[in-house]
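Below are some notes on the ligand site and the pockets of this model. Please read them with the structure open.

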Amino acid sequence: MKRILDACCGGKMFYFDKHDKSVLFQDIRKIDTTLCDGRKFSVDPDVLADFKSMPYPDGTFRMVVFDPPHLKYTGSKKEAENWQMVKYGWLPAHGWKDVLRRGFAECFRVLQDGGFLIFKWNETDIKVSEILALTPYKPVFGHISGKRSNTHWICFTKDDAHLERTLFDP
Ligand SMILES: C[S@@+](CC[C@H](N)C(=O)[O-])C[C@H]1O[C@@H](n2cnc3c(N)ncnc32)[C@H](O)[C@@H]1O
């Protein structure tokens with residue numbers, strides 16, 4: 001039984017081994033395409049599923065990796081053809097908070113007590129502070145990286161000591 005879940009693995013860009021046997025790779029799509037600059041790109045998950053409603057019992061995984069889309073899509077053709085949207089997926093411009101709130105809730109549901117959730121976020125469209133308000137869990141630590149320093153890596157753990165915030169729904 002694989003004890004690490006990647007809830008939306010995309011192209012598995014940050015893996016040392018894209019076939020790591022400890023990781024269950026999940027995504028909502030499977031594609032094999034060529035990006036506008038000629039690079040090949042594929043999404044090839046073990047499981048096709050939605051992170052808002054995952055097909056695993058409570059407490060299944062020791063670690064969950066959650067790197068959801070960070071770009072908002074308003075519906076234009078230009079946006080749809082943007083290579084970043086093809087590569088990273090997208091969030092609905094209206095309703096993105098609900099998507100991520102449900103995604104976080106599912107990630108914590110399938111995580112075992114004392115397990116870790118590794119969350120990655122890029123602040124291109126939405127500030128990380130807005131995202132952290134979508135889960136009642138308080139992060140343990142985080143790190144900012146990337147060429148423009150707008151990518152956040154954040155570690156959560158599932159325990160009562162970190163479950164101390166009330167969800168605010170503006
Ligand atoms: C930022 S990319 C992940 C990149 C990946 N971590 C990597 O290293 O290449 C986000 C992924 O989330 C997937 N996705 C979007 N909505 C989803 C959903 N509701 N359930 C599961 N996966 C979803 C997209 O298909 C996309 O591949």
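The points below take the ligand and its surroundings, then the two pockets that were examined.

1. The model is predicted, and the comments on single contacts should be read in that light.

2. The ligand has 19 residues around it. Those that come nearest are Asp27, Arg29, Asp50, Phe51 and Asp67. By class, this shell holds 11 nonpolar residues, six charged and two polar.

3. Which residue places a side-chain N or O atom 2.6 Å from an oxygen atom of the ligand? That residue is Arg29, which is also among the residues that come nearest to the ligand.

4. Two contacts involve the protein backbone. In Met13, a backbone N or O atom lies 2.9 Å from a ligand oxygen atom. In Ile28, a polar backbone atom is 3.3 Å from a nitrogen atom of the ligand. As for cover, the ligand on its own has 600 Å² of accessible area, and the protein covers 95% of this.

5. The ligand takes up the space of the largest pocket. The volume of this pocket is about 1200 Å³. Its lining is made up of 44 residues, and Pro68, Pro69, His70, Tyr88 and Gly89 lie nearest the centre.

6. Four elements each give two or more residues to the lining of the largest pocket: helix H2 (83–88) and the strands E8 (91–92), E9 (111–122) and E11 (151–157). H2 provides the largest share, with six residues.

7. The lining of the largest pocket counts 23 nonpolar residues, 11 charged and 10 polar. For the residues around the ligand, the corresponding counts are 11 nonpolar, six charged and two polar.

8. The second largest pocket has a volume of about 180 Å³. It is lined by 13 residues, with Gly11, Lys12, Met13, Lys18 and Ser42 closest to its centre. Met13 thus appears in two places in this note: in the lining of the second largest pocket, and in a backbone contact with a ligand oxygen atom.

9. Which strand gives the largest share of the lining of the second largest pocket? Strand E4 (residues 40–43) does, with three residues. By class, this lining has six charged, four polar and three nonpolar residues.

Key: Residues numbered from 1 in each chain as written. Predicted model: local features only at pLDDT ≥ 70, side-chain atom pairs only at ≥ 80, totals over all residues. Heavy atoms only, no water. Near = heavy atom within 4 Å. Polar contact = N/O pair within 3.5 Å; in protein donor to acceptor, adjacent residues only side chain to side chain. Areas by Shrake-Rupley, 256 points an atom, 1.4 Å probe, with all protein chains shown as cover. 1 Å grid on protein atoms, 1.4 Å probe; cavity = no way out; pocket = protein on both sides within 12 Å on 5 of 7 lines; lining within 4 Å. Sits in = over half its atoms within 2 Å of the grid points. Nonpolar A, V, L, I, M, F, W, Y, C, P; charged D, E, K, R; others polar. Points joined across faces, edges and corners; volume = space filled by probe spheres on them.
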